[in-house]
Amino acid sequence: MIRLDERLSAIADLVLEAVADQEAPCAADVGCDHGFLTAALLERCPQLTVIASDISAPSLQKARELLAPLGLASRAVLRVADGLAAIDRPVGAIVLAGMGAQTILKIVAEGRARIGNAALIVQANVDLPVLRTGLAAQGFAVEREVYTCAAGRHYVTMLARAGQGEMPDERAALLGTAADGVHGGEQRSYFAWQRGVRVREMERVAPLRTERARERIRLSGRELMWISEALGMKNCTVTDVEQLVGGIAPYELAEEWDNVGLLVGHAQAQVTRVLVALDLSMGVVEEAKALGAQLIVTHHPIMFSARKRLTDVDREGRLMLALAEAGIAHIAAHTNLDSAPGGVNDILMAAMGTENVRGEGFVRAGDLPEGMTLGALAQRARTKLRAEVRVYGASDTAVHVLGCCSGAGGGEVALAKALGADCFITGEIRHHEALDAVDGGVCVLEAGHFETENPVCEVLRTALQKAADEVEYNLTVFCSKGNPFGR
């Protein structure tokens, strides 16, 4: 028996359904390639005849070689032909699959007289909205859509017939039969994937800051909204996102002197897009505006000290004014994210390849592979953190346990040593702190404040997106691609 993958199985099922009530059923497999679909159809329906055509003679020869040993060649009409030219008799179903939407529509238009009352089984690789609109324009109504996934790719197979199909608007052209809501796991999986496609497109074009990029983001954002509506996702507010962030990095872990949570914005404002960044900078604000984000979540907060004036004479004032003018809220997760399990310091330990990580608060320590030297570990930091690393200690020193405190953590060497560390990595360390560390038998890697903390941003983005998805919020989370220092 011929085994078909999920994609071809969906086509075969629709073909057999379309010809089920016919006495002498006949179907056409246009662009049959090596003939696997044709062979499976003939095996599953002993009364069926299949007209199998392809523009490629070598492909058709491979179909012959497949069918003959199976004893199916007598019920197959194999023809080298373009489009629907091979169809010389009434057929119950016509398969047009594995092609672009425009190619399918061209074949249908040029072969309209040969279609008759046959069911069109169409499966386009791309441009499904174009296919749905084009079929309607040619007088075909899509009766069913089947969603499948094969080899990691998603497919939509449509069954259409000549009829009184309504011309779909842009939303209906995008969603198809899911315009009234998504039903079933495969359909939900398909549209979840489609959401991801739009997000990646927005991430790709946002840095371009061109009119064309802005239009692409606008269109992708609108499609995201339609897809989210079809999936039945819920609206959420700034406060809802603040609570999600608190679930990832509990606010009670923050130091008393810190400034975390919602710092700028309306608590009940609706949010559909969030940008995660390490720092709040004017570049990040512009990136958020380009993406249409209503909220920025950063690691480092603003307003550490009291302000009496909000003007544009200093960096923080300009940032706050820019947020207010753009209607963008700001949430910070600072020392709570430093201390949280899976937070900044755990991510730094993971990036450096340590095992058996222990510690709490701001300090961690983890075991290194046997034979690791300080020089090799410094090179790993340069590669993994994309950092310029300053080394305190002899490069051939053997290191076994790495301690860390990201950012300005030079004062935490003693706590790391108490956890067994003979090497310590941080973002910034004072000269006397480095001297004391080396004198005490702990060599040091100083890898930059930004570089030791920035890896957490993508992790926070992923965690926040997962948390939003679990409660079915219509929320898309992006991660900033910028660097406040232009590196």
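Biologist: Hi! Which residues of helix H1 are buried?
Modeller: Hello! Keep in mind that this is a predicted model. In H1, the buried residues are Arg7, Leu8, Ala10, Ile11, Ala12, Leu14, Val15, Leu16 and Ala18.

Biologist: And what covers the buried residues of H1?
Modeller: The cover includes one helix, H2 (36-44). It also includes the strands S1 (26-30), S4 (93-99), S5 (119-124), S6 (140-150) and S7 (153-162).

Biologist: How many residues does H1 have, and how far does it reach?
Modeller: H1 covers residues 6-18, which is 13 residues. From first C-alpha to last it reaches 18 Å, close to the 18 Å expected at 1.5 Å a residue.

Biologist: What caps the N-terminal end of H1?
Modeller: That would be Asp5. One of its side-chain oxygens sits 3.2 Å from the backbone nitrogen of Arg7, and Arg7 is among the buried residues of the helix.

Biologist: Switching to charges: how many salt bridges are there in the whole structure?
Modeller: The search finds 21. One of them pairs Arg144 with Glu17, with the closest N and O atoms 2.4 Å apart. That pair links distant parts of the chain, since Arg144 is in strand S6 and Glu17 in helix H1, 127 residues apart.

Biologist: Is Glu17 buried or exposed?
Modeller: In between: Glu17 counts as partly exposed, at 42% relative accessibility. Its partner Arg144 is partly exposed too, at 37%.

Biologist: Got another one? Which residue does Arg222 form a salt bridge with?
Modeller: Glu170, and the closest N and O atoms are 2.9 Å apart. Arg222 lies in helix H9 (residues 211-230) and Glu170 in helix H7 (residues 170-175), so the bridge ties together parts 52 residues apart in sequence. Arg222 is partly exposed at 24%, whereas Glu170 is exposed at 53%.

Biologist: What about Asp367 and its salt bridge?
Modeller: Asp367 pairs with Arg358, again with a closest N to O distance of 2.9 Å. Asp367 has a relative accessible area of 23% and Arg358 has 27%. Elsewhere, salt bridges with shared partners join Arg198, Glu201, Arg204, Arg216 and Glu223 into one network.

Biologist: New topic, pockets. What volume does the largest pocket have?
Modeller: About 510 Å³. It is lined by 18 residues, and the closest to its centre are Leu385, Arg386, Phe450, Asn454 and Asn483.

Biologist: Which elements give two or more residues to that lining?
Modeller: Three helices: H15 (374-385), H18 (449-453) and H19 (455-470). H19 gives the largest share, three residues.

Biologist: Last one. Where is Arg273, and is it buried or exposed?
Modeller: Arg273 is in strand S11 (residues 273-277). With a relative accessibility of 14%, Arg273 counts as buried because the cut-off for that is under 20%.

Biologist: What does the side chain of Arg273 reach?
Modeller: The backbone oxygen of Leu291, at 2.7 Å.

Biologist: And what else is Arg273 in contact with, leaving aside its neighbours within four places in sequence?
Modeller: Besides Leu291, the contacts include Met202, Ile217, Gly221, Gly292, Gln294, Thr476 and Phe478. Leu475 is also a contact; its C-alpha is 5.6 Å from that of Arg273, although the two are 202 residues apart in sequence.

Definitions and conventions. Residues are numbered from 1 along each chain as its sequence is written. This is a predicted model: local features need pLDDT of at least 70, side-chain atom pairs count only at pLDDT 80 or more; totals for chains, interfaces and linings use all residues. Side-chain values use heavy atoms; hydrogens and water are left out. Helices (H or I, at least four residues) and strands (E, at least two) are DSSP runs, numbered from the N terminus. The expected span of a helix is 1.5 Å times one less than its number of residues. Buried means under 20% relative accessible area, exposed over 50%, partly exposed in between (1.4 Å probe, protein chains only). Contact means heavy atoms within 4.5 Å. A polar contact is a pair of N or O atoms within 3.5 Å; within protein, one must be able to donate a hydrogen and the other to accept it, and residues adjacent in sequence count only if both atoms are side-chain atoms. A salt bridge is a side-chain nitrogen of Lys or Arg within 4 Å of a carboxyl oxygen of Asp or Glu. On a 1 Å grid over the protein atoms alone, a cavity is a set of points where a 1.4 Å probe fits but cannot get out, and a pocket is an open set with protein on both sides within 12 Å along at least five of seven lines; lining residues have an atom within 4 Å of a point. Grid points are joined across faces, edges and corners, and a volume is the space filled by probe spheres set on the points.
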